Amino acid sequence: MSELVHHIGYESTIRLVKSFGGTTMRFPNGKSAWPQNIEAVLGKEVTEKLIWAFGGSELYIPMGRKEALLHRNVSICLEYEELLRTTIGAQEAVKLLARRHNFSDRHIWSILKGTDPGVVTAERRRRRVVGQDSESASRAPNGAVSLKTNQE
């Protein structure tokens with residue numbers, strides 16, 4: 001997914017994955033067989049970027065489940081840190097997060113203990129640089145997956 005993000009940005013990648021995740025798409029050279037279904041989702045400008053980057057090849061659009069799960073866990077860790085800064089205790093923060101995310105408190109503790117602190121730190125820095133609030137940041141994927149392309 002990182003390659004898609006590089007070419008078309010986060011928001012367009014999310015829309016592409018939501019609409020076509022788990023499928024292999026053929027991108028033509030030029031506009032001879034313009035992918036109308038993609039243009040309807042992404043718009044002409046973004047579709048042109050995809051054709052420029054992947055024209056003449058097949059591209060597997062990943063489902064993004066691994067990235068979505070990692071992003072959810074990192075977001076929970078960042079929410080936990082924020083709750084601790086507001087003078088709420090650890091136990092109360094976990095209870096609140098469990099209710100907010102419809103998980104058990106044990107599952108929240110498992111997420112907090114099992115999520116790589118380096119990934120959490122990187123996401124915190126990225127959000128600061130981009131200036132995202134917690135709501136808009138939760139829509140951006142985290143993590144990277146290489147894409148499979150088969151040149152014709």
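1. A quick definition to start: helices here are DSSP runs of H or I with at least four residues, numbered from the N terminus. With that in hand, Gly131 comes just after α8 and takes a positive phi of about 75 degrees. Bear in mind that this is a predicted model.

2. Staying with α8, the helix covers residues 117-130 and reaches 20 Å from its first C-alpha to its last, close to the 20 Å expected. At the N-terminal end, Asp116 acts as the cap, with a side-chain oxygen 2.9 Å from the backbone nitrogen of Gly118.

3. Which residues of α8 are buried? They are Val120, Glu123, Arg126 and Arg127. Seen down the axis, the buried residues of α8 fall within an arc of 125 degrees, so they line one face of the helix. Pro117, Arg125, Arg128 and Val129 are exposed on the other side.

4. Arg126 is worth a second look: its charged end sits over the ring of Tyr10, 5.3 Å from the ring centre.

5. Now the aromatics, where the count comes to two pairs. Phe27 and Phe54 have ring centres 6.3 Å apart and planes at 45 degrees, so this pair is tilted. Phe27 belongs to strand β1 and Phe54 to helix α4, so the pair ties together parts 27 residues apart in sequence. Both Phe27 and Phe54 are buried.

6. The other pair is Tyr80 with Trp109: centres 6.2 Å apart, planes at 70 degrees, so edge-to-face. Tyr80 sits in helix α5 and Trp109 in helix α7, 29 residues apart. Tyr80 is buried, at a relative accessible area of 14%, whereas Trp109 is partly exposed at 24%.

Methods: Residues numbered from 1 in each chain as written. Predicted model: local features only at pLDDT ≥ 70, side-chain atom pairs only at ≥ 80, totals over all residues. Heavy atoms only, no water. Phe/Tyr/Trp six-rings, centres within 6.5 Å; stacked < 30°, edge-to-face > 60°. Helix = DSSP H or I, 4+ residues; strand = E, 2+ residues; numbered from the N terminus. Buried < 20%, exposed > 50% of the residue type's maximum accessible area, 1.4 Å probe, protein only. Lys NZ or Arg CZ within 6 Å of the ring centre and 35° of its normal. Expected span 1.5 Å × (residues − 1). Arc of directions from axis to C-beta. Polar contact = N/O pair within 3.5 Å; in protein donor to acceptor, adjacent residues only side chain to side chain.
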